[in-house]
Structures are given as structure tokens and as C-alpha cells.
Amino acid sequence: METREHNELEQFIHRQLQKLPEREAPEDLLTNVMAAVRARENRPWWKQPFTSWPRGMQTLLFIALGAVFGAVVYFGAKPAEAVSLDMVTERASSLSWIATLFNSLADYALLAFQNLSWEWFLAIGTAFSAMYAACIAAGVALYRVTSSAATRG
């Protein structure tokens with residue numbers, strides 16, 4: 001949103017810039033630019049962007065990457081073939097305490113839900129709504145500060 005002061009400042013700056021004389025470009029600017037363009041054109045093909053590589057080299061790269069991916073999948077599946085179901089269940093049973101913990105937490109949450117009155121749920125909902133609104137307000141304020149600083153700078 002543009003304010004009157006912003007428009008006046010913009011017009012003032014424009015008038016001041018119009019008063020400045022035109023600057024001449026350095027004489028060697030064109031030669032430097034053309035030399036840089038020639039240097040970029042004369043780079044070896046592997047230093048150029050991938051889309052300008054020769055089609056054969058692009059195809060060769062895709063084939064090599066496919067072969068590497070296939071080798072990783074093939075050799076990655078080899079250790080999985082040696083694992084037996086008994087080994088998996090033995091390892092999983094050592095982690096059964098996690099399931100017990102989650103079951104206990106779920107039972108506690110259900111018990112709390114059944115025993116709390118509607119006023120508590122209303123208070124909790126209001127607190128979460130206020131926190132959400134505060135986060136939105138902080139985000140909008142941060143956006144305004146950063147966007148106004150970007151337009152000034």
C-alpha cells in the first residue's frame with residue numbers, strides 16, 4: 001500500500017536523478033564484455049550447462065547414473081535376503097516397551113478426556129486459539145517489517 005509520503009519521496013528522487021548528467025560508458029567496456037562472452041563460448045563441453053552438452057554425452061551420463069542406481073538397489077537388497085523372520089521378531093520384541101509407553105499415554109489421555117468438564121475444553125481451546133492468533137499476528141508483523149525494509153533498501 002503506497003502512502004502519500006512514499007509517492008512524494010519517489011517523485012523527489014526522480015527529479016534529482018533527472019538533474020544528474022549522463023555518464024559515458026568506459027571505452028573498454030564493450031571489448032571486455034565481448035571477451036567474456038567469447039571465453040564462455042570457448043569453454044570445454046563439460047564446463048557448460050548440461051542442456052548444451054552433446055546428446056551422446058547426456059545419454060552416456062544417464063546410462064551411467066542408471067547403472068549406479070541399479071547397483072545400489074541390487075547390492076542393497078543382498079543383506080536383506082540374509083535376514084530371517086525370527087531375527088526380526090526377536091529384535092522387535094526388545095522394543096516392546098515403546099508400545100507399552102504409547103498404550104499407557106493413550107489410556108491416560110482417554111481417562112483425562114472422560115473426566116474433564118466442558119469448561120476445561122473451552123479454556124484449552126481458547127488458549128490454543130489465542131496462541132494461533134498470536135503466531136499469525138507475529139508473522140504478519142514480520143512480513144510487513146521485512147517487506148517495507150526491502151522496498152526502502
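1. Let's start with what makes an aromatic pair. Rings of Phe, Tyr and Trp (for Trp, its six-membered ring) are paired if their centres lie within 6.5 Å, and planes over 60 degrees apart make a pair edge-to-face. Keep in mind that you're looking at a predicted model. By the ring rule, the count here comes to six aromatic pairs.

2. Take Phe-50 and Phe-62 as a worked example. Their ring centres are 5.8 Å apart and their planes sit at 90 degrees, so this pair is edge-to-face. The pair links distant parts of the chain, twelve residues apart: Phe-50 is in the loop between helix H2 (29-41) and helix H3 (55-81), while Phe-62 is in helix H3. As for cover, Phe-50 is partly exposed, with a relative accessible area of 31%. Phe-62 counts as exposed, because its relative accessibility is 54% and the cut-off for exposed is over 50%.

3. Now try Tyr-74 and Phe-75. With ring centres 5.0 Å apart and planes at 75 degrees, this pair is edge-to-face. Tyr-74 has 46% relative accessibility, so it counts as partly exposed. Phe-75 is exposed, with a relative accessible area of 56%.

4. Which residues do ring pairs link into a cluster? They are Trp-45, Trp-46, Phe-50, Trp-53 and Phe-62. You've already met Phe-50 and Phe-62 as an edge-to-face pair.

5. Have a look at Gln-58 too, which is in helix H3. Is Gln-58 buried or exposed? Its relative accessible area is 7%, so Gln-58 is buried, given that buried means under 20%. A polar atom of the Gln-58 side chain lies 3.5 Å from the backbone oxygen of Trp-53. If you leave aside neighbours within four places in sequence, Gln-58 is in contact with Phe-50, Thr-51, Ser-52 and Trp-53. Two of those names should ring a bell: Phe-50 and Trp-53 also belong to the ring cluster.

6. Last, turn to the surface. Leu-110, Phe-113, Leu-116, Trp-120, Phe-121, Ile-124, Phe-128 and Met-131 make a nonpolar patch of about 830 Å². Helix H5 (96-115) and helix H6 (118-152) each supply at least two of the patch residues. Which helix gives the most to the patch? That is H6, with five residues.

7. Ile-124 is a handy member of the patch to check for yourself. Ile-124 is in helix H6 and has a relative accessible area of 37%, so it is partly exposed. Patch residues need over 30% relative accessible area, and the 37% of Ile-124 fits with that.

How values were computed: Residues are numbered from 1 along each chain as its sequence is written. This is a predicted model: local features need pLDDT of at least 70, side-chain atom pairs count only at pLDDT 80 or more; totals for chains, interfaces and linings use all residues. Side-chain values use heavy atoms; hydrogens and water are left out. Patches are made of residues with over 30% relative accessible area and no salt bridge: like charges are joined within 9 Å, nonpolar side chains (Val, Leu, Ile, Met, Phe, Trp, Tyr) within 5 Å. Accessible areas come from the Shrake-Rupley method with a 1.4 Å probe; for residues, only the protein chains shown count as cover. A salt bridge is a side-chain nitrogen of Lys or Arg within 4 Å of a carboxyl oxygen of Asp or Glu. Helices (H or I, at least four residues) and strands (E, at least two) are DSSP runs, numbered from the N terminus. Buried means under 20% relative accessible area, exposed over 50%, partly exposed in between (1.4 Å probe, protein chains only). Rings of Phe, Tyr and Trp (its six-membered ring) pair if their centres lie within 6.5 Å; planes under 30 degrees apart count as stacked, over 60 as edge-to-face and the rest as tilted. A polar contact is a pair of N or O atoms within 3.5 Å; within protein, one must be able to donate a hydrogen and the other to accept it, and residues adjacent in sequence count only if both atoms are side-chain atoms. Contact means heavy atoms within 4.5 Å.
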